[in-house]
Amino acid sequence: MNNPYRPMTRILASGLIAAPLALLPALASADESAEIRFATPSWPGVTVKTQLAAELLTALGYEPRQQEIGATIAYEALNLNEVDAFMAAWLPAQQPMFEASMKKGTLVDLGNNVDGALIGFAVPRYVAEAGVKQVGDLDKPEFADKFGREIYSIEVGSGMSDTLNGAIDNDTYGLGDWKPVETSTPGMLSAVKNAINNDEWIVFAGWTPHWMNIEYDVVYLEDTEDMWGPDGGGSDVRTLLNKPYSESHPNATRLLDQLTFSADDQSAMIYEFSFEERDSDDVAIEWINQHPDRIEAFVDGVTTIDGKPAWPALQEAFDFES
């Protein structure tokens, strides 16, 4: 199936962020305009999640459009009312930009749309079973040489690699004499696959949701010093709207506010889209069809754009049973 959502043509430069949210009551949506413009970074989980939102909104009479732009540009576009919605505000990785935008008061933060997101060091399960349970175990004499004192990460300049290099510079967990191996996400995961296939020891900067957590049997190390952020690397992935859109579109805002997924949900979507290379709309529609109870909860108190109850419209659009 081809993507029916035409991208915008105008792109802005630099930024990142959000602002406080007021929960909305159920309201008729007769005065809402149909268009909703999504900023969608080329991250597989966000791609599918945004497509799923677009499928639901289309069935309710809206006209979603998607623009593939990076997070920094997406935040600036939100601040300047050039896009309406962004489902990829990963915190605390984006905390400085998020807080700067909160102070501007230009955005509305709808809160977390993924429960259980995490960033941290990961190892194959057989390494964890050998005794490497916490990040502090890495530099123990009996383990460090088995890793070659190397930690794999993604691109130089990424937030994850910046955090890793900061830990090495500060000798956090005794990692001062370790070497970062900064490559790309595919390059890092290729090294993980090769190590697991050969029962070798490897430690890498991983995250969930992602297909790596389905394809590889890995364990995340306990981060007792919160190197990866508060709560041992626990993360929020939030939905942001520009404030004018949120104020003028309470019905669409309510739907986006109620769209929430588990990390396992999104890892499965990412696996099908990125690893199995299926089209994002096929993955999104399949998930919708397989989870009618979840979809009904997403549209609690929501209407079609002309003010009719949302659930009957979705039952008809996706052939759900009455």
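Visitor: In this predicted model, with which residue does Arg 125 form a salt bridge?

Guide: The model is predicted, so what follows describes computed features of that model. Arg 125 lies in helix H4, residues 125-129, and its partner sits in the loop between helix H8 (212-215) and strand S10 (218-220), so the pair ties together parts that are 92 residues apart in sequence. The closest N and O atoms are 2.7 Å apart, which falls within the 4 Å that a salt bridge requires, and the partner of Arg 125 is Asp 217.

Visitor: Are Arg 125 and Asp 217 buried, partly exposed or exposed?

Guide: A residue counts as buried under 20% relative accessible area and as exposed over 50%, with partly exposed in between. Arg 125 has a relative accessibility of 36%, and Asp 217 has one of 47%. Because both values lie between these two cut-offs, Arg 125 is partly exposed and Asp 217 is also partly exposed.

Visitor: How many residues apart in sequence are Arg 37 and Asp 84?

Guide: Arg 37 and Asp 84 form a salt bridge in which the closest N and O atoms are 2.8 Å apart. Arg 37 belongs to strand S1 (residues 35-39), whereas Asp 84 belongs to the loop between helix H2 (71-79) and strand S3 (85-91), so the salt bridge ties together parts of the chain whose separation in sequence is 47 residues.

Visitor: Which residues are joined into one network with Arg 149 by salt bridges that share partners?

Guide: One salt bridge here is between the side chains of Arg 149 and Asp 177, at 3.5 Å from N to O. This pair links distant parts of the chain, with Arg 149 in the loop between helix H5 (141-144) and strand S7 (150-153), and Asp 177 in the loop between helix H6 (159-169) and strand S8 (179-182). Through shared partners, the residues joined with Arg 149 into one network are Asp 139, Asp 145 and Asp 177.

Visitor: Which side chains are joined to that of Arg 238 by polar contacts of 2.7 Å and 3.0 Å?

Guide: Arg 238 is part of strand S11, residues 234-242, and it counts as buried because its relative accessibility is 18%, where the cut-off is under 20%. Leaving aside neighbours within four places in sequence, the residues in contact with Arg 238 include Phe 86, Met 87, Leu 91 and Phe 98. The polar contact of 2.7 Å leads to Asp 109, and the polar contact of 3.0 Å leads to Asp 236.

Visitor: Are helices H1 and H11 roughly parallel or roughly perpendicular to each other?

Guide: Two packed helices are described by the angle between their axes and the distance between the axes. The axes of H1 (residues 44-59) and H11 (residues 263-275) come within 8 Å and cross at roughly 100 degrees. Since angles of 65 to 115 degrees count as roughly perpendicular, H1 and H11 are roughly perpendicular.

Visitor: How many nonpolar residues does the contact of H1 with H14 have?

Guide: The axes of H1 and helix H14 (residues 310-318) come within 9 Å and cross at roughly 105 degrees, which makes H1 roughly perpendicular to H14. Glu 55, Leu 56 and Ala 59 of H1 meet Ala 313, Leu 314, Ala 317 and Phe 318 of H14. By class, this contact has one charged residue and no polar ones, and its nonpolar residues number six.

Visitor: Which residue joins Leu 91 through a cis peptide bond?

Guide: Most peptide bonds are trans. The bond that follows Leu 91 is cis, with omega at about 15 degrees. The second residue of this bond has its place in the loop between S3 and helix H3 (95-104), and its name is Pro 92.

Visitor: Is Tyr 173 buried or exposed?

Guide: Most residues other than glycine have a negative phi. Tyr 173, in the loop between H6 and S8, has a positive phi near 55 degrees. At 9% relative accessibility, under the 20% cut-off, Tyr 173 counts as buried.

Visitor: Is Asp 319 buried or exposed?

Guide: Asp 319 has its place in the segment after H14, and it has a positive phi of about 60 degrees although it is not a glycine. Because its relative accessible area is 68%, over the cut-off of 50%, Asp 319 is exposed.

Note on methods
Residues numbered from 1 in each chain as written. Predicted model: local features only at pLDDT ≥ 70, side-chain atom pairs only at ≥ 80, totals over all residues. Heavy atoms only, no water. Helix = DSSP H or I, 4+ residues; strand = E, 2+ residues; numbered from the N terminus. Buried < 20%, exposed > 50% of the residue type's maximum accessible area, 1.4 Å probe, protein only. Polar contact = N/O pair within 3.5 Å; in protein donor to acceptor, adjacent residues only side chain to side chain. Contact = heavy atoms within 4.5 Å. Axes fitted to C-alpha atoms, helices over the stretch in contact; angles between N-to-C directions. Parallel < 35°, antiparallel > 145°, perpendicular 65-115°, else oblique. Nonpolar A, V, L, I, M, F, W, Y, C, P; charged D, E, K, R; others polar.
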